[in-house]
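Subject: Structure handover

Hello,

Here is the structure for you to take over. My notes on it follow below.

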Amino acid sequence: MGALTLPCSSIDDLLQQQSAALQQWFSSGGRKIEGLVIRKFPSWLESDQFISAGSGAQFDTARFRLMMCNKRDIWRVSIDMVFHPKARLMDDGSTVGPGILFVTIQHPAKAYCCNFEPL
């Protein structure tokens, strides 16, 4: 996947460009992203699937498996990277601008928001 392409005419364009680049990376077979360390354990990301907006997801979503090894066990956490190109209304009535939302998935019925990176 390439570096950010700047300048963009808008944040919406930037998020769409990065989403398209990630979708292309997934369609080329993806791969592992190795060399991560989480809580002092060797870790890596494995590409899982890319879900385009309108085909099973409200927004473009990249799903990864985060793998962590502690010498005895390997733990797996599913993580969604959701591209929010426009401002949206939150459950509490506040408005949040465009950005990338990271969500952990326990099973299809349970998802937990971990972090939102506004742009």
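A salt bridge is taken here as a side-chain nitrogen of Lys or Arg within 4 Å of a carboxyl oxygen of Asp or Glu. The side chains of R72 and D73 meet that criterion, with an N to O distance of 3.5 Å. Please keep in mind that this is a predicted model.

Salt bridges

By this rule the count comes to five salt bridges. In the pair just mentioned, R72 counts as exposed because its relative accessibility is 70%. D73 has 32%, so it counts as partly exposed.

K86 and D12 form another salt bridge through their side chains, at 3.2 Å from N to O. This pair links distant parts of the chain: K86 sits in the loop between β4 (74–84) and β5 (88–89), D12 sits in helix α1, and the two are 74 residues apart. Helix α1 covers residues 11–27. Which of the two is buried and which is exposed? D12 is buried, with a relative accessible area of 17%. K86 is exposed, at 53%. The cut-offs are under 20% for buried and over 50% for exposed, so D12 falls below the lower limit and K86 above the upper one. Leaving out residues up to four places away in sequence, D12 touches P85 and K86. The salt-bridge partner K86 is therefore among the contacts of D12.

R63 and D80 are also joined by a side-chain salt bridge, with 2.5 Å between N and O. R63 belongs to strand β3 and D80 to strand β4, so the pair ties together parts that are 17 residues apart in sequence. D80 counts as buried because its relative accessibility is 7%.

Finally, E46, D48 and R65 are linked in a network of salt bridges.

Strand pairing

Strand β1 (residues 32–38) and strand β2 (residues 41–51) pair in the antiparallel sense over five bridges. Within this pairing, I33 stands opposite L45 in β2. Strand β2 also pairs with strand β3 (residues 61–69), again in the antiparallel sense, over eight bridges. There, F50 has A62 in β3 as its bridge partner. As a general point, side chains in a regular strand alternate between the two faces of the sheet.

The turn between β1 and β2

What do β1 and β2 form, and how many residues lie between them? The two strands form a hairpin with two residues between them. R39 is found in the loop between β1 and β2, and K40 lies in that loop as well. R39 has a positive phi of about 50 degrees although it is not a glycine. For K40, phi is near 70 degrees, which is likewise a positive value in a residue other than glycine. Are these residues buried or exposed? R39 is exposed, with a relative accessible area of 76%. K40 is exposed too, at 79%. You may want to look at this turn when you go through the backbone angles.

Cysteines

How many disulfides are there? The count comes to zero. For reference, a disulfide is a covalent bond between the sulfur atoms of two cysteines. As for C69, its relative accessibility is 23%, so it counts as partly exposed. C114 also counts as partly exposed, because its value is 45%.

Residue A111

A111 has its place in strand β8, which covers residues 110–118. Its relative accessibility is 49%, so A111 counts as partly exposed. The cut-off for exposed is over 50%, so the 49% of A111 does not reach it. Not counting residues up to four places away in sequence, A111 touches V103, T104 and I105. S94 is 17 residues from A111 in sequence, and the two are 21 Å apart in space, C-alpha to C-alpha.

In short, the salt-bridge count is five and the disulfide count is zero. The K86 and D12 pair links distant parts of the chain, and β2 pairs with both β1 and β3.

Regards

Key
Residues numbered from 1 in each chain as written. Predicted model: local features only at pLDDT ≥ 70, side-chain atom pairs only at ≥ 80, totals over all residues. Heavy atoms only, no water. Helix = DSSP H or I, 4+ residues; strand = E, 2+ residues; numbered from the N terminus. Buried < 20%, exposed > 50% of the residue type's maximum accessible area, 1.4 Å probe, protein only. Contact = heavy atoms within 4.5 Å. Pairing = 2+ DSSP bridges. Disulfide = S-S within 2.5 Å.
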